[in-house]
Amino acid sequence: MPEETVLHPAAPIQSATAGTGGPRRLLIGDDQPHILEALEILLLPEGYRLSTARSPALVLDCFAHQEFDGVLLDLNYTRDTTSGLEGLDLIAAIRERDALIPIIVMTAYANVDLAVEAMRRGANDFVQKPWDNPRLLTVLRNQLELHRALKRTQWLEAENRILRAEGAPDFIATAPSMYPVVALMGRVGPSDANILITGEHGTGKEVVAQTLHRLSHRAQRNIVAVNTGALSEGTFESELFGHVKGAFTDARVDRIGRFELANGGTLFLDEIANIPIRQQAKLLRVLETGELERVGSSTTRTVDVRMLSATNANLQAEASAGRFRDDLLFRLNTVEIRLPALRERREDIPALAAHFLSRYATRYRRPIEGFDAPAMQALLAYAWPGNVRELDHTMERAVLMAGDSRIHVADLGLNTQRTSSHSLDDLSLEAVESILIQKALSRSQGNVTQAAEALGLSRGALYRRMEKYGL
């Protein structure tokens with residue numbers, strides 16, 4: 001092995017997994033295979049999960065597809081082998097992508113000036129080749145633990161802003177799958193960025209929209225919600241842009257549209273994929289210019305709204321199929337927040353169930369204290385095709401059906417929602433329809449468009465039935 005890569009015997013060093021909650025993901029950038037091999041021999045036994053890249057371009061490509069807890073970076077690549085300029089440029093490029101990730105640089109041609117410049121460009125520490133094993137391990141451990149602490153601080157700050165925001169709706173999110181959601185809400189909530197909230201039906205997209213509004217500087221103004229899935233093409237313009245008297249047969253008085261009602265505040269368009277393609281251009285114009293005309297009027301009005309939208313559809317696929325405009329999609333999703341299904345955040349089920357139980361016990365004045373063990377097990381085992389909304393309605397039913405101070409499995413009614421446990425002769429037409437809708441939603445994993453097609457219904461008709469049955 002060349003002299004600059006001679007490794008010294010390692011002293012006992014605390015493992016990369018000790019006290020950190022799991023292995024740390026480290027990206028190593030170096031164009032020399034034997035360097036990468038030597039580092040793997042040293043670091044893999046210490047519990048690091050390694051990814052390697054042999055060029056600056058590959059390092060940046062790794063950032064585009066993965067998340068890392070730290071970077072160990074050579075300063076010298078093929079463009080020149082002594083100045084470190086290519087490595088210095090790479091540090092700046094990494095910092096543009098992640099302002100906090102620890103970057104430890106290394107070079108066989110180290111000097112004070114290069115070290116100072118690397119730090120100025122954003123490096124956190126500096127290691128000279130040939131490296132000393134104990135020092136390298138100590139530097140990596142300290143920097144990655146500091147990074148973990150900073151991320152935890154950010155999470156707590158975001159949690160404080162979101163979960164304790166004055167006037168915010170109840171937002172329960174303790175499952176690990178919800179950590180990225182809460183952190184992202186904390187970052188983008190105070191901005192004016194247009195947000196696209198995606199996720200299956202009933203995952204709580206409107207609660208997220210309300211919370212984002214509460215976090216923004218528009219919190220003292222209105223948030224106006226519109227379920228576009230319930231709007232027909234004939235009423236879309238009137239609902240959103242308003243109309244003047246005489247604009248059409250039933251226009252007996254002037255009407256203010258939702259955009260004007262939300263002026264200075266936030267407009268939340270739920271089920272955005274339902275907007276007819278012919279109306280999407282008009283919506284896009286308002287988003288681009290802030291100007292609109294009421295139906296039947298030539299007077300241009302200016303509005304200032306922040307747009308939040310939500311859908312359970314795949315808008316990229318809808319755009320590819322020609323059913324949704326690409327330019328409107330770009331305008332709507334400056335940032336996208338994806339909500340996991342309830343089955344992906346089962347850790348939240350006990351807290352959510354207790355929250356809804358307390359709400360309905362208070363509303364109906366029932367002295368319900370909690371759940372027995374089989375009932376909680378049933379809640380945790382159920383698939384929840386209707387997600388949090390279905391859990392909400394299940395808890396309301398359970399409170400009404402409970403015969404004593406605790407909720408039992410029979411009170412939940414989960415088995416009664418499956419045709420396999422009943423004869424159709426014993427069910428009403430409405431009960432059968434409710435079961436069929438739930439099965440269609442379950443098979444389509446909550447995709448309302450697919451469920452509607454399977455049932456032979458329009459999306460609007462299915463939405464009306466879902467609202468009727470509390471799904």
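Is Glu 271 buried or exposed in this structure? With a relative accessibility of 2%, Glu 271 counts as buried, where buried means under 20% relative accessible area, exposed over 50% and partly exposed in between (1.4 Å probe, protein chains only). The model is predicted, and local features need pLDDT of at least 70, side-chain atom pairs count only at pLDDT 80 or more, and totals for chains, interfaces and linings use all residues. Residues are numbered from 1 along each chain as its sequence is written, and side-chain values use heavy atoms, with hydrogens and water left out.

The chain as a whole comes first. Its secondary structure comes to 19 helices and 16 strands. Helices (H or I, at least four residues) and strands (E, at least two) are DSSP runs, numbered from the N terminus. Of the 471 residues in the protein chain, 49% are buried. Contact means heavy atoms within 4.5 Å. Among contacts between residues at least 6 apart in sequence, 70% join residues at least 24 apart.

Now return to Glu 271. This residue is in the loop between strand 10 and helix 10. Its phi is near 55°, a positive value in a residue other than glycine. Arg 365 also has a positive phi of about 55° and is not a glycine. Arg 365 sits in the loop between helix 13 (349-363) and strand 15 (370-371). At 78% relative accessibility, Arg 365 counts as exposed, whereas Glu 271 counts as buried at 2%.

Glu 271 is one of the residues in contact with Gly 229, when neighbours of Gly 229 within four places in sequence are left aside. The others are Asp 270, Asn 274, Gly 460 and Tyr 463. Gly 229 lies in the loop between strand 7 (223-227) and helix 8, and counts as buried at 7% relative accessibility. Gly 229 and Asp 270 are 41 residues apart along the chain, and their C-alpha atoms are separated by 7.4 Å.

The next topic is a pair of helices. Two packed helices are described by the angle between their axes and the distance between the axes. The axes of helix 8 (residues 233-241) and helix 10 (residues 277-289) come within 10 Å and cross at roughly 10°. Here axes are lines fitted to C-alpha atoms, for helices over the stretch in contact, and angles run from 0 to 180 degrees between N-to-C directions. Helix 8 is therefore roughly parallel to helix 10, since angles under 35 degrees count as roughly parallel, over 145 as roughly antiparallel, 65 to 115 as roughly perpendicular and the rest as oblique. On the helix 8 side, the contact is made by Glu 233, Phe 236, Glu 237, Leu 240 and Phe 241; on the helix 10 side, by Arg 278, Gln 279, Lys 282, Leu 283 and Val 286.

Leu 240 and Leu 283 appear again in the largest nonpolar core, which has 28 residues. A nonpolar core is a set of buried Ala, Val, Leu, Ile, Met, Phe, Trp, Tyr and Cys residues joined through side-chain atoms within 4.5 Å. Those with the most contacts inside this core are Leu 240, Phe 259, Leu 267, Leu 269, Ile 272, Leu 283 and Met 307. Strand 7, helix 8, strand 10 (266-270), helix 10 and helix 12 (326-332) each supply at least two residues of the core, and its largest share, four residues, comes from helix 10. Leaving aside neighbours within four places in sequence, Leu 240 is in contact with Val 226, Leu 231, Gly 257, Arg 258, Phe 259, Leu 269 and Leu 283. Apart from this core lies another, of 24 residues, among them Ile 349, Leu 379, Val 388 and Met 395.

Val 388 and Met 395 are among the buried residues of helix 15, which include Asn 387, Glu 390 and Asp 392 as well.

The last stop is Asp 74, which is found in strand 3 (residues 70-74). Asp 74 is buried, with a relative accessible area of 2%. Not counting residues up to four places away in sequence, Asp 74 touches Gly 29, Asp 30, Asp 31, Gly 87, Met 106, Thr 107 and Lys 129. Gly 87 is one of the buried residues of helix 3. Lys 129 is joined to Pro 130 by a cis peptide bond, with omega about -5°. Pro 130 lies in the loop between strand 5 (125-128) and helix 5 (133-163).
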